[in-house]
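Visitor: I'd like to hear the reasoning behind the labels people put on a model. Could you take me through some?
Guide: Gladly; let's look at the structure together.

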Amino acid sequence: MTDSARQNVASKYPLLAFPHIQLHGTVDDMMYARFKTQLAEAPQDGSLVVSITTLGGDPEMGRAMGDDIQLLRDYTGRETLFLGKVAVYSAGATFMAAFPVEKRFLTRGTRLMLHERLMTSTVQLSGPLTTLPAVLKAKLHEIEESIKIQEEGFREIVRGSSVTLDELRSKAPSNWYIEAEEARQRGLVLDVI
């Protein structure tokens with residue numbers, strides 16, 4: 001892309017030059033706290049621009065930040081714009097899913113990475129035999145519920161794009177990396193700046 005073409009794209013979206021909320025690093029409790037602080041300090045009217053650069057982290061914190069964005073939009077009607085920079089991996093993509101595709105942007109060279117939720121767990125069986133099936137059932141229920149939450153997130157990521165849920169399901173187990181331009185072509189984001 002030539003410099004003049006880049007300028008032309010950038011001039012279409014002047015709000016993206018100065019995000020109100022700028023997040024970077026691991027998606028965790030600390031990022032959520034920074035997000036809430038910056039949200040409280042952001043202007044109370046007009047469009048709200050949120051940028052993120054992350055290699056991932058806690059998907060529930062990504063969902064929590066996304067819920068805050070959704071609630072803000074639902075209760076105020078305020079426009080919220082997402083700007084992914086450099087890397088939007090894992091829990092960062094979970095957060096991105098809270099924004100409609102027509103409100104999502106990536107900077108040139110940014111990569112998305114979509115994958116299945118991960119779990120590392122050890123099941124300790126100890127005690128009377130009659131109590132052990134409940135321990136196993138509880139772990140199975142945890143896994144089943146995590147899969148349901150994953151499916152909800154996958155649906156939100158692809159909603160409004162040309163990527164099908166089945167395609168995402170098939171590519172997610174091996175970490176699907178998507179370059180910014182492909183994300184734009186596939187409708188996962190509106191544009192690349």
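Visitor: Are phenylalanine 82 and phenylalanine 95 buried or exposed?
Guide: In this predicted model, both phenylalanine 82 and phenylalanine 95 are buried.

Visitor: What makes phenylalanine 35 count as buried?
Guide: Buried means under 20% relative accessible area, and phenylalanine 35 has 0% relative accessibility, so phenylalanine 35 counts as buried.

Visitor: And why does tyrosine 32 count as partly exposed?
Guide: Partly exposed lies between the 20% and 50% cut-offs; tyrosine 32 has 21% relative accessibility, so that label applies.

Visitor: Why is the pair of tyrosine 32 and phenylalanine 35 called stacked?
Guide: Ring centres must lie within 6.5 Å to pair, and planes under 30 degrees apart count as stacked. Here the centres are 6.3 Å apart and the planes are at 15°, so the pair is stacked. Both residues lie in helix H2, three residues apart, about one turn of the helix.

Visitor: What makes the pair of phenylalanine 82 and phenylalanine 95 edge-to-face?
Guide: The cut-off for that label is over 60 degrees between planes. Phenylalanine 82 and phenylalanine 95 have 65° between the planes and 6.1 Å centre to centre, which fits edge-to-face. This pair links distant parts of the chain, with phenylalanine 82 in strand S3 and phenylalanine 95 in helix H4.

Visitor: Which residues form one aromatic cluster?
Guide: Tyr32, Phe35, Phe82, Phe95 and Phe99 do.

Notes:
Residues numbered from 1 in each chain as written. Predicted model: local features only at pLDDT ≥ 70, side-chain atom pairs only at ≥ 80, totals over all residues. Heavy atoms only, no water. Phe/Tyr/Trp six-rings, centres within 6.5 Å; stacked < 30°, edge-to-face > 60°. Helix = DSSP H or I, 4+ residues; strand = E, 2+ residues; numbered from the N terminus. Buried < 20%, exposed > 50% of the residue type's maximum accessible area, 1.4 Å probe, protein only.
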